[in-house]
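Here's a quick briefing to read with the model open beside you. Take a moment to turn it around, then go through the notes by topic.

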Amino acid sequence: MNSIVLSKGLTNIKSYAFEGTNLSKIIIPATVTSIDEYAFLDCKNLRDILIYPGVSSIGEKAIGYRLIERYDQEYDECFYEKVGGVVISGYIGSEAERYANENGFTFIKKTGWVKLADKWYYYGKNGALKKCWKKISDKWYYFDASGAMTTGWKKISGKWYYFTTAGKMVTGWQKISRKWYYFTSGGIMITGWKNLGGKWYYFSSSGDMTRGWKKISSKWYYFSSSGEMITGWKKISGKWYWFDSNGAMFANGTKIINGKNYRFSDSGICLNP
């Protein structure tokens with residue numbers, strides 16, 4: 001048995017679990033949290049070990065040792081020696097790094113993505129766990145204080161951002177939970193007025209695009225089904241209204257439009273269309 005695939009649901013590798021096997025390479029899955037002492041004792045060919053950062057405990061002589069004398073009555077103990085050429089691959093700051101360094105084994109830092117307990121983490125080129133913002137393959141990601149990749153809504157420095165299930169920061173128009181939002185090129189969710197493509201839109205304090213009637217700063221506006229601010233004449237529910245060039249509805253008075261006088265009620269309805 002030169003290699004083995006361990007169960008993804010495995011959380012603990014018990015003492016002597018692989019004692020004396022002919023393994024030469026093994027990957028400890030991300031679900032494993034502990035490796036007990038002597039777990040790989042006398043695996044004389046085992047040289048290549050990859051340990052994910054989910055492992056928080058590695059017992060004494062768990063990896064890289066062989067027994068040279070099982071029990072010495074004079075000294076009342078067993079004697080072990082290290083197996084030469086053992087290389088442990090892992091992540092900076094991990095238990096794997098500690099074990100390798102304390103036992104004098106070669107440690108190779110791993111980089112890139114790793115999934116632990118259904119959360120994604122990213123280790124940079126220097127092997128360090130990334131936190132806060134990181135641009136990866138031209139996409140922006142955000143990692144929280146624990147290093148976990150952010151998905152969904154996230155408020156950062158007082159601004160709202162949205163990240164896909166794959167962790168990518170969104171920009172531009174986005175439909176989220178059946179509502180439309182707009183995010184700048186820097187990913188910031190827009191609120192209030194925004195001119196896009198020469199058309200005005202209004203986004204609520206929650207960021208969702210306004211449609212239909214909306215009272216803003218004591219003036220009434222009307223927005224189309226696609227969110228565009230209406231100007232000029234607009235027939236709504238069988239009634240005619242006039243919206244000035246700034247979008248504000250005209251009401252309670254007379255207005256000359258294209259040379260003709262029109263009268264409008266307090267609610268903005270044209271009385272002589």
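Start at Thr-210: with a relative accessibility of 8%, this residue counts as buried. Bear in mind throughout that the model is predicted. Thr-210 sits in the loop between β20 (199–203) and β21 (212–216). Setting aside neighbours within four places in sequence, Thr-210 makes contact with Tyr-202, Phe-203, Ser-204, Phe-223 and Gly-227.

**Overall build**

- The chain has one helix and 26 strands.
- Its radius of gyration comes out at 33 Å, well over the 19 Å that the globule rule gives for 273 residues, so the chain is more spread out than a compact globule.
- Taken along the principal axes, the box filled by the C-alpha atoms is roughly 115 × 30 × 30 Å.
- Of the 273 residues, 41% count as buried.
- Take the contacts between residues at least 6 apart in sequence: 28% of them join residues at least 24 apart.

**Strands towards the start of the chain**

- Strand β3 (residues 25–28) shows two faces: Ile-26 and Ile-28 are on the covered one, while Lys-25 and Ile-27 are on the uncovered one.
- β3 runs parallel to strand β5 (residues 48–51), and four bridges join the two.
- Within that pairing, look for Ile-28 opposite Ile-51 of β5.
- There's also an open sheet of three strands, in the order β2-β4-β6, with parallel pairing.
- Its edge strands are β2 (12–13) and β6 (57–58), each of which pairs on one side only.
- Strand β4 (residues 34–35) is joined to β6 by two bridges, again running parallel.
- On β4's side Ile-35 has Ile-58 in β6 as its bridge partner.

**Ala-30 and its surroundings**

- Ala-30 lies in the loop between β3 and β4.
- Buried, exposed or partly exposed? Ala-30 is partly exposed, because its relative accessible area is 22% and buried means under 20%.
- Its C-alpha atom is 7.5 Å from that of Val-55, although the two residues are 25 apart along the chain.
- Not counting residues up to four places away in sequence, Ala-30 touches Tyr-52, Gly-54, Lys-115 and Leu-116.

**Aromatic rings**

- How many aromatic pairs does the structure hold? The count is 40.
- One of these is Tyr-16 with Tyr-38: the ring centres are 5.5 Å apart and the planes are at 20 degrees, so the pair is stacked.
- That pair links distant parts of the chain, with Tyr-16 in the loop between β2 and β3 and Tyr-38 in the loop between β4 and β5, 22 residues apart.
- The two partners don't share an accessibility class: Tyr-16 is partly exposed at 41%, whereas Tyr-38 is buried at 12%.
- Further along, ring pairs tie Trp-233, Trp-240, Trp-242, Phe-250, Tyr-262 and Phe-264 into a cluster.

**Charges over rings**

- Lys-61 has its charged end over the ring of Tyr-65, at 5.4 Å from the ring centre.
- Lys-82 does likewise with Phe-105, its charged end sitting 5.6 Å from the centre of that ring.

**Cysteines**

- How many disulfides are there? Zero.
- Cys-43 counts as buried, with 3% relative accessibility.
- Cys-270 is buried too, at 6%.

**Backbone oddities**

- Most residues other than glycine have a negative phi, so the next two are worth a look.
- Asp-138 has a positive phi, near 65 degrees, and is not a glycine.
- You'll find Asp-138 in the loop between β13 (132–136) and β14 (139–143), where this residue is exposed at 65% relative accessible area.
- Ser-218 also has a positive phi, near 70 degrees.
- Ser-218 belongs to the loop between β21 and β22 (219–223), and with 63% relative accessibility it counts as exposed.

Conventions:
Residues are numbered from 1 along each chain as its sequence is written. This is a predicted model: local features need pLDDT of at least 70, side-chain atom pairs count only at pLDDT 80 or more; totals for chains, interfaces and linings use all residues. Side-chain values use heavy atoms; hydrogens and water are left out. A disulfide is a pair of cysteine sulfur atoms within 2.5 Å. Buried means under 20% relative accessible area, exposed over 50%, partly exposed in between (1.4 Å probe, protein chains only). Two strands pair if DSSP finds at least two bridges between them. Contact means heavy atoms within 4.5 Å. Rings of Phe, Tyr and Trp (its six-membered ring) pair if their centres lie within 6.5 Å; planes under 30 degrees apart count as stacked, over 60 as edge-to-face and the rest as tilted. A charge sits over a ring if NZ of Lys or CZ of Arg is within 6 Å of the ring centre and within 35 degrees of the ring normal. The radius of gyration is taken over C-alpha atoms; the globule rule is 2.2 Å times the number of residues to the power 0.38.
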